[in-house]
Amino acid sequence: MLRLFSKAHVTFLICLLGLCLKAFTQPIVIDRIAPLNWWVGMKDPRLQIIVHGENLAAAKVVINYPGLTLVKENKVDNPNYLILDLTISPNCRTGTFNIELSRETEVKRGRKTTTRTFTKTIPYELRARTDFVKAQGVDASDLIYLLLPDRFANGDPSNDKFADMADTQADRSNPFLRHGGDLQGIIDHLDYFKELGVTALWLNPVIENDQPLTDEGGSPRSAYHGYGFTDHYQVDRRLGGNDSYKKLVDAAHANGLKIVQDAVYNHAGVNHWLLQDSPAADWLHQWPTYTNTSYKEQPVLDPYASKLDQKVTSDGWFVPFLPDWNQNNTYVKNYLLQHAIWTVEYFGIDTWRVDTYMYNDLEFMNQVNAALLAEYPNIHIFGENWTKSVPNQAYFQQNHLEVPFKSNLPGACDFQTYYAINDALNQEVGWDSGVQRIYATLGQDYLYENPMKNVVFLDNHDTDRYLSVVGENMDNYRMGIIWLLTTRGIPQLYYGTEILMKNFKDPSDAEVRRDFPGGFIGDKENKFAEVGRTNAENEAFDFIKKLANYRKNNPALHSGKLTQFLPMEGVYVYFRYDENKTIMVIMNSNKESISLETGRFRERLGTFATAIDVLEGSTFNLNQPLKLAARTAYVFELGN
Ligand code: CA
């Protein structure tokens, strides 16, 4: 027998058999499904599922499950997609239903053509909603700590890099590459946040960024910052994946800490799976030649704006490797909106911070915000509206402006008070400079629906570090921290400020995103521990800790009213008060000590006779001029 077939014959016959088998057994292959699961009992009973595989457009879909209705099978230009519209009745059974796909394929056997049907069953889980802690929101009683997961602490060195990802590198000696920090590293330091007085963690985005290294001015850069999503339903493996994120949220909640998720609707990573095999050209904003957003907000709200400028702001790409979603495409809209709901319901997220808010389709953002707030009435949503005027910032959130477009965004990263406090600390006082800037900026709060929902900050991952901005001067440093923790709104601290991390964004923003010392194996110093910190660092840490913990226990500093007095002779005085307590804050911005007459503040001092310095413990007599040290702020609790 063997002699009848040469080796070549055998190979040929095996190949032929393989081809025949393939023709007979072309199975339906599914490689992606989104969302990963859903729930019974959501306010909105609709669910849109995107299924990706090979040639699914020709497939028939059957779903038989009590309480579940397949409303529509949508086809898009690319035959590799099926998009299913379902409604889930409130009494629908929880459990796993099957999406049955069948596809008829013509198979040729010699001259004969027969039809063969291939089938595929996709199990899909409908969960019961559980009442675990979620969507608590953050408010002015909180202190948010913003950190970059890749740069904070490496709790699992085994996940630093993966050979099968687009960027295979991790190297702590290179500021532009990944450093290996992860969610476990954050879980390992929950006690640190609690000690400091932090009540909420805002992580720069955790969603998968399977992006290639990019060239941004000479040196290849990784997407360690996290703003280029490539699969919304996966937390990046290098941070620990979905399981680790769930573990972090649960552990944070168990420790009384909330989680703020950094959301990006405006753009995707160029490697996003939906764009690698694009469903249709109109999923992205397309331009005849590459067009970047101008990064200018004015064309969106300027009554004299040209349509072109408006379109460039909104539809231009953020950078060449972060393409701009077309949020007017129904499927894009649903994909992004459902993901927001899924994330809160699945992980238990408390608050939503929206990146590059101004460049989104603002009507679309109103829809997302409304959906989140309808499902989770206590959630907070604040956006990044990086403008340089109060009215322009107010335009993008709930406001008292008479304008054609009305935003429903509850709050914003308050860039206006950020600029103002930096001017207050760095400028000589004048008619409209120095401490006058912070007074005048807060004086425009009448434009906001609720300024208490704004997040106030001294620095973040995109700015120069606070300590450097104030000239590494500790008097300035303390004055700004006191303002941050006593003014109106929700304070946010950037990681490392408490241990005197410094730097300008020179030569790049990596300088303000350095590793937290002690978070990584081999670190010579451990700034998480008192013994690892220098005296100066401990003084800074203890200063923030003391004031943050005082703040935590004093509602007058959260929900209390604010009265501010016109700064005079370089001294800025304001009061936070409710029916139980009055707190007086005095900022002496002068380079000399002064004596401050208290008569001008009598309307708020009332019958209070004494002021206890909550940081130093000393008592002042309010019926005498107050001796104020140079470049010093005081937090006084008033008493009789
Ligand atoms: Ca790691």
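Two strands are taken to pair if DSSP finds at least two bridges between them. Strands (E, at least two residues) and helices (H or I, at least four) are DSSP runs, numbered from the N terminus. On that footing, strand 16 (residues 351–354) and strand 17 (residues 380–383) run parallel and are joined by 4 bridges. Within this pair, Trp 352 has Ile 381 of strand 17 as its bridge partner.

The model is a predicted one, in which local features need pLDDT of at least 70 and side-chain atom pairs count only at pLDDT 80 or more, while totals for chains, interfaces and linings use all residues. Residues are numbered from 1 along each chain as its sequence is written, and side-chain values use heavy atoms, with hydrogens and water left out.

Strands 16 and 17 belong to an open sheet of 8 strands, with parallel pairing and the order 18-17-16-15-10-9-20-19. At its edges lie strand 18 (411–412) and strand 19 (455–457), each of which pairs on one side only. Helix 15 lies across strand 19 and strand 20 (490–494), and runs at about 140° to strand 20. Such angles run from 0 to 180 degrees between N-to-C directions, the axes being lines fitted to C-alpha atoms, for helices over the stretch in contact.

Helix 15 (residues 474–486) also packs against helix 16 (residues 535–552), at an angle of about 20° and with the axes 10 Å apart. The two helices are therefore roughly parallel to each other, a label given to angles under 35 degrees. Their contact (heavy atoms within 4.5 Å) is made by Met 474, Tyr 477, Arg 478, Ile 481, Ile 482 and Leu 485 from helix 15, and by Ala 540, Phe 543, Ile 544, Leu 547, Ala 548 and Arg 551 from helix 16. Sorted by class, this contact holds 10 nonpolar residues, 2 charged ones and no polar ones; Ala, Val, Leu, Ile, Met, Phe, Trp, Tyr, Cys and Pro count as nonpolar, Asp, Glu, Lys and Arg as charged, and the others, Gly among them, as polar.

Turning to strand 6 (residues 81–88), the strand is mostly covered, with 7 of its 8 residues buried, that is, under 20% relative accessible area (1.4 Å probe, protein chains only). Strand 6 pairs with strand 3 (residues 46–53) in the antiparallel sense over 7 bridges, and here Leu 82 of strand 6 is the bridge partner of Val 51. Strand 5 (residues 68–74) likewise runs antiparallel to strand 6, through 6 bridges, with Glu 73 opposite Leu 84 of strand 6. Strands 5 and 6 form a hairpin, with 6 residues between them.

Conventions
Angles under 35 degrees count as roughly parallel, over 145 as roughly antiparallel, 65 to 115 as roughly perpendicular and the rest as oblique. Buried means under 20% relative accessible area, exposed over 50%, partly exposed in between (1.4 Å probe, protein chains only).
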